[in-house]
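Q: Hi, could you look at this one with me? I would like to go through what holds its side chains together, one topic at a time.

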Amino acid sequence: MPQKIKRRGPTVFHKKRTGPIKVVVWCVLCAILVTVGFFSAKYLTEHAAGPSVEGEPSSSTGSTVPAGEGTDPAPDNATQPTEPEPTDPAPAPDGGAVIASGKGIRAFYLPVSALKQASALDTLLGEASSAGFNAVVFDLKDENGALHYRSATGDAQTAGAVAEDAVSVEELTNLIQRMKENGITPVPRLFAFRDRTAPSGLTAARIGLQGQPGWMWLDNSREAGGKPWLNPYSPEAHRYIIGLAEELKAIGVTGLILDGVQFPNQTSQAYYGNGELTSLSKDAVLSRFISDLTGAVNADGSCTVMLSMPGLAAFSDETAPFGGNPLTFGAAGMCPNLCPSTLGNTLTVGEERLSSPAGQPFDAIRLSMRQVDLRLRLLQSAQTPFVCPWLQAYDYGTDQIREELRALTEFGGEDVSFILYHASGSYDFSALK
């Protein structure tokens, strides 16, 4: 081709002889222009919007940033509907919210022995959850002072209070997790100063004998079954119980019940020492204990403290062991024992008199709750505690239990709280559904 162009060079622009060639050249040029225009337009179209900004979806079908490196690879929500984010069921898996609110707590009591039967426990927890229960109460420090888990606190070791068949902290942690997985919130109960075990080891924490302060005081003669007690005025006794509560919170407990926060029923010849706390009244030192323990475990709102007491101490004049009404001690929740069998042979509330409360569960709960509510209304408190009473399941059939629940619901509505109590943990959940 170059040779032909050179040879015909002088006549290239001759009109007659070069017409066909000129046409061919123009056709080639047009084809080149069309091709260039096509690819230029394509380039401009694809890049006119500029590069994708990190954090925003690209206009192409794929993400400009690999998944996991700064952007969500999912398409823009505006062009593709997405399912709503899942919300935690009520109550939340750990139950902390429902315990903290004090509303709708539907608990039942289990003895420690029931917690050690894995397969039977899972079945029971499932049945309870299906019946609408959402919490379980069990003793980790019982009324005799025995610890049912192997606490690692120094005071627990010195007290020698760990039971021989106590579960390890790891086993307890796993147990708590299993309860939560079944939709049941674990609520351990700790007896505080009513303790016949720890005083032998924690000598500085026990009640002494007047005239012989080094001796251990008993609430009756040994022949009559007298028992030692931890000293409510002792900082060492406070430290022991608070240490247990802190330990339980650390392994996932979101609510606990204190019981036995009281003095012995009779205190003849009891010696409480002469420390800083002994200048306080009985009700003041018990309130101080509740306040200090609450501050230790619930400063961040993650572990609610409830206080259990006899029903008659909460709404009648049987308050001597407390030095005042325990409803005033400052716990977030109050758990008065309203089991009708514990309310005596005759229950008198205002002008109403009820004979044999145990035989009339509806009226017994109705009158008791009315009086508890009246006492709470009289409190000069910025925050009134919620009420989660103990209800009776022992010696009762399903109909009687339903009567208790009906009275409670008619009084406080559908979001009332309660703890159903049977010492052996025997409940017909299917009938209570």
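Q: How many salt bridges does the structure hold?

A: This is a predicted model, and the structure holds 16 salt bridges. As a general background, side chains of opposite charge can pair when their charged atoms come close.

Q: Okay, which side chain does Lys116 meet in a salt bridge?

A: Lys116 pairs with Asp165, with 3.1 Å from N to O. The two residues are 49 residues apart and link distant parts of the chain, since Lys116 sits in the loop between α4 (112-115) and α5 (118-130), whereas Asp165 belongs to strand β4 (residues 162-167).

Q: And is Lys116 buried or exposed?

A: Neither label fits, as Lys116 counts as partly exposed at 36% relative accessibility. Its partner Asp165 is also described as partly exposed, with a value of 48%.

Q: What about Glu143, which residue does its side chain meet?

A: Glu143 forms a salt bridge with Arg194, and the N to O distance there is 3.6 Å. Glu143 lies in the loop between β2 (135-141) and β3 (147-149) and Arg194 in the loop between β5 (185-191) and β6 (208-209), so this pair ties together parts that are 51 residues apart in sequence. Glu143 is partly exposed, with a relative accessible area of 44%, and Arg194 is partly exposed at 24%.

Q: Where do Arg239 and Asp155 lie?

A: The side chains of Arg239 and Asp155 meet in a salt bridge at 2.9 Å, N to O. Arg239 is in helix α8 (residues 235-250) and Asp155 is in helix α6 (residues 154-159), so the pair ties together parts that are 84 residues apart in sequence. Asp155 is buried, with a relative accessible area of 14%.

Q: Which residues do salt bridges that share partners join into one network?

A: That network is made up of Glu352, Asp363, Arg366 and Arg370, which are joined by salt bridges that share partners.

Q: Changing topic, how many disulfides does a search of the whole structure find?

A: The search of the whole structure finds zero disulfides. Cys388, for instance, is in no disulfide, and the nearest cysteine sulfur, that of Cys335, is 4.8 Å away. A disulfide needs the two sulfur atoms within 2.5 Å, so the distance of 4.8 Å between Cys388 and Cys335 does not qualify.

Q: Is Cys388 buried or exposed, then?

A: Cys388 is buried, with a relative accessible area of 1%. Another cysteine, Cys339, also counts as buried, at 2% relative accessibility.

Note on methods:
Residues numbered from 1 in each chain as written. Predicted model: local features only at pLDDT ≥ 70, side-chain atom pairs only at ≥ 80, totals over all residues. Heavy atoms only, no water. Buried < 20%, exposed > 50% of the residue type's maximum accessible area, 1.4 Å probe, protein only. Salt bridge = Lys/Arg side-chain N within 4 Å of Asp/Glu carboxyl O. Helix = DSSP H or I, 4+ residues; strand = E, 2+ residues; numbered from the N terminus.
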